Amino acid sequence: MEPAVVGSVVGRVAAAFVTRSSALVTGDTPPPSWSEESDERGGLLLTDGAGEAIALLTQDQVAQVSQFLEQPEIVALSQFLFIARLGLRSRQELSDLAGEYEETFTARAEDFCDEHGYTWGGLANALWQLAMAYMESLFPLDGTSTTAPLSAADLEKVTAYIGAAPQLAGGDAPPSAAFRDIVDILGSPERVKRAREVLADIRAASERRYAELSLAHTFSHASETARFDHEVLYVQRNLRKRGSDEFRDDSFLVSPLSRPRCVVLGNPGVGKSTMTQNLVHQLSHSGSRVAYAPLVVSCKDVPGTDGSAYILSAITRSLRENLQLEMGEEAVGDLATLGRSFVIFDGIDEIIDVGRRMNFVRTIEAFANRFPLIPILVTARRVGYSKAPFDTRHFDIYELDDFSLDQVGQYTEKWFAATERSEQDRLAFLRETENVPDIRTNPLMLSLLCALYRARGYIPRNRRTVYEACADLLFQRWDAMRHIEQPMDHRHYGTRLMQELALFFYKSQTAQAGVQEGQLKKLIATFFTDTASVDEVDARTRAQDFLNFCADRAWLLSYQGTDSLDHRLFGFTHRTFMEYFAAEALVRRARTLDEVVKEMVLAYDRDTSSVLADVIFQCADDKYDGGARDVVSSLMERSKNSSQQASAKYLSLCLRVMNAAPLPPQSTDAIFDALLTAWDGSSPETGRDTALAVLELSRDPRNRFIAKLRTDPLHAKHALARWARFYWRGETLMFDPQWDQQMYEVALGMDNPYSQDPPAMAYLLRNSPMELDELPPTWEWALGFQAFGETVPGPVVLDMEELLAESGPSPDAGRITAAFGASLRAGLPQVNDAFVRTVFARIGEGTTVLAPDEPAEAAQNRDIRDALIWACCALFEVTAPAYHPLHKQAGFVLGHPWFDRVSSTRSNGPGRTVISGPEPFSWKELRTLQGSGAVPTWFADWCTGQKSLLTVMENRPQPGARLRRPTQPRARQ
């Protein structure tokens, strides 16, 4: 039967088949409508190309065809072909591959019909031809590739989706192994059957293992409330795309069409592992609509991260050790080739050595390229990620922030209900934890605080005291409260021994990936002999008992699997507590305050996100009279005698520990004076670390800092320049809201607020402390500027965005746009195409095109009109022949047909006859427009090509990651 005949009957089914293959490019668009004709019995009439009836296909047979095409293996085959059409330059390579795929498709269809007793197997070849014809209609081959119908953004999206950069790079390389493997797999009914069985086995085992949310870090294993159903306790998390204001809840990770490949970054204790547990639960439970096998790989447990790691081997090992499933590497590889695996690489930051971590990142990227259809999730700590990042062309980067106040409320509601505590208790808990807001919003700490409150009925104020109380609860008190017998050594030496072990783990980077039981046993036995006068034989026995107890309880030091020789490995369950115990040991061992300061600096150098420096500082203040004061004095002395870079580091550390312990005014003033002096003599672009440390200060030191700014205008200007950079990067929401109010008041209180710093001027302009007549005559700076190394849109662009907002302009919108339009009469801004593309990158995205009369109404103001015409014309130079979203959002200023003629004039020249498309303006029409004052004075020269609005590029701007939008401007006073 010819494809045309089949097309009249199963066209909709075939179209849906192709649409699934290219859904990430075309969107989940329904296929074109198809005509069908039924007889009186409800069957579907087959017709030939002339419309003559030749056969009848039943509705059941059409449903059977659809069932076959919806099989994951067949969808995977079509997706591979779609990828190949996107990238293979060689027509012969593509033809050979398509031929192999057609044979495989036909054989699978015939096997399917034989297996189910269906009778339409003879249509398989024609059905394939029909599907290919539909794919050709969507993505026609043009020259050497099928990418012509796709935009650059579409291609970038597909590249990131499939991870097949070598194929899309335009080279002549043959298709990779995965393109051939799909033929081998589908050509073997045994391998297809095995893949389905492996999928079912992994999902069933994962469903059992991850049926409940584990809170072993909060409860003892003996507690009846150690595990909860996910629905009972899990709080849905929001993931923020790095550098933008785009938020997505974590449910998108299990979307069957999105096939995400992303890295999720977060600080310690932010809930990355809990989110991973929930993801595996969502993927594996029997009610899930998606058929993925979740495969979790703990990065620190993968042998050969120096470059020799084989990920399929690591996966089979994980299945064996965690799910008790013995799977062959070929079976797991087949599942990945078919796109039915979701691989999660948990904790890549736990590979401490940066070189080894970089090698493993490259290994994961190679694995992603080897298996183009599988989703991949990687979790990592935020700090230090930039030392070994993933390729952002293929992996989206998301950030998992601490709980918001609403999420804190949701979690406490769930927790107190699950543990059968009253609402009155919950409200009391929230009131008492207001004194430790930074701890309360961290999910790990919040869960520990809940358990601490349940046990004690109150919350300590000092961070070290909180860690101490939480550690005491987990390590000492919980079993006692549950009347569970504890070993004597655990009761008598547990805390001191844990400090010594934590110090060992902290000092040895390799130990943090896990220490063999034998080695750890020797360390514990040595402690018993050297500290508690225990004889060697008894010490070894008691060391083993202590380890066994830890393995069974798993609060702080826990069993973490086995190595290749089947030796048990132990490590700290949570790094935060390893750092807390290590800090206690470091200060206890220190004989002088200088030793304490040295350890603080080393800890800060190793990981600025670690709590270690804070706890060392607090321990020193507890051990030595005036310890906090003397530590700061020593750090400040080091700062004076160091290079500019090292001095900034010491200042940042001093600022950091100001929140850890109270300091006398002399110490506080010394830190602030040194900081402000350093800011006075350096560019604001280089001071992000110290500025960030200042903006994380708590209330009392913050108020003292603001008081200093109010007494010195020069210091105020330099501080405002740094605040303005965070403002324009959209990052001020990270800080205490009081900063926003107090920095605004500082700006209002400045007698002469004028600044030559573009971000500061832009902040003053947008928030009204500076009037328009106080600004310089040239306005390039108001379009965009550098903020800590990245080009961000300035107040003109944001004012345009607000002027054209779907919800209607704010009362003050258009003021800055009009001032910019007026400045154009004095001279055009000197900007290049890359700069314009960067600063206008966001405008118009995700908004509805306004009614035509709304932009036209705004354009009644001559200055606003000129500004919008300049923006539309400048952007057309960048995007020609396409339009930018701003063109539609601005209604093309004077209407779509008008700007179509403008762009045609620019492209073809005035008065030219064009075969198709809008007619260019004539010379006479241009002169008339110019004379009427309806367009700017430069407009006619631009349309005729005699003038460009863009300069030759010299220094390309650095857009970096997508940034969040600044907060709304303040109302004018």
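**Charged contacts, cysteines and backbone exceptions in a predicted model**

At a relative accessibility of 73%, Glu-420 counts as exposed. The structure described here is a predicted model, and within it Glu-420 has a positive phi of about 60° although the residue is not a glycine. The place of Glu-420 is in the loop between α16 (405-418) and α17 (423-432). A comparable description applies to Ser-533, a residue other than glycine for which phi is near 55°, again a positive value. Ser-533 is found in the loop between α22 (517-531) and α23 (536-553), and with a relative accessible area of 70% this serine is exposed. A further backbone feature concerns the peptide bond that joins Ala-880 and Pro-881, which is cis, with omega at about 5°. Pro-881 belongs to the loop between α40 (862-879) and α41 (885-889).

Attention then turned to charged side chains. The structure holds 38 salt bridges, among them one in which the side chains of Arg-194 and Asp-334 meet at 3.0 Å, taken from N to O. Because Arg-194 lies in helix α10 (residues 189-209) and Asp-334 in helix α14 (residues 329-337), this pair ties together parts that are 140 residues apart in sequence. The two partners fall into separate accessibility classes: Arg-194, at 27% relative accessibility, counts as partly exposed, whereas Asp-334, at 4%, falls under the 20% cut-off and therefore counts as buried. The contact between Arg-194 and Asp-334 also forms part of a network of salt bridges, in which these two residues are linked with Arg-191 and Glu-330.

A second salt bridge that links two helices is formed by the side chains of Asp-605 and Lys-649, with an N to O distance of 3.4 Å. Asp-605 is located in helix α25 (residues 593-606) and Lys-649 in helix α28 (residues 644-657), so that parts 44 residues apart in sequence are tied together by the pair. Both residues are described as partly exposed, Asp-605 at 41% relative accessibility and Lys-649 with a relative accessible area of 25%. In another salt bridge, the side chains of Glu-326 and Arg-320 meet at 3.7 Å, N to O. Here Glu-326 counts as exposed, at 62% relative accessibility, while Arg-320 is partly exposed, with a relative accessible area of 36%.

Acidic residues also come together at the surface, where Asp-96, Glu-100, Glu-103 and Asp-184 form a negative patch. The largest share of this negative patch, 3 residues, is contributed by helix α5 (residues 91-116). Glu-103 has its place in helix α5, and because its relative accessibility reaches 59%, this glutamate counts as exposed. Since residues enter such a patch only if they have no salt bridge, the members of the patch, including Glu-103, are to be read apart from the salt-bridged pairs described above.

The cysteines were considered last. A disulfide is a covalent bond between the sulfur atoms of two cysteines, and a search of the whole structure finds 0 disulfides. Cys-873 illustrates this result, being in no disulfide, with the nearest cysteine sulfur, that of Cys-943, lying 6.2 Å away. Because a disulfide requires a pair of cysteine sulfur atoms within 2.5 Å, the 6.2 Å separation does not qualify. At 0% relative accessibility, Cys-873 counts as buried, and the same class applies to Cys-619, which has a relative accessibility of 3%. Cys-470, located in helix α20 (residues 463-481), is likewise buried, at a relative accessibility of 1%. The C-alpha atom of Cys-470 is separated by 6.3 Å from that of Leu-448, although the two residues are 22 residues apart along the chain.

Notes. Residues numbered from 1 in each chain as written. Predicted model: local features only at pLDDT ≥ 70, side-chain atom pairs only at ≥ 80, totals over all residues. Heavy atoms only, no water. Patch = residues over 30% accessible without salt bridge, like charges linked within 9 Å, V, L, I, M, F, W, Y side chains within 5 Å. Areas by Shrake-Rupley, 256 points an atom, 1.4 Å probe, with all protein chains shown as cover. Salt bridge = Lys/Arg side-chain N within 4 Å of Asp/Glu carboxyl O. Lys, Arg positive; Asp, Glu negative; His and termini not counted. Charge placed at Lys NZ, Arg CZ, Asp CG, Glu CD. Helix = DSSP H or I, 4+ residues; strand = E, 2+ residues; numbered from the N terminus. Buried < 20%, exposed > 50% of the residue type's maximum accessible area, 1.4 Å probe, protein only.
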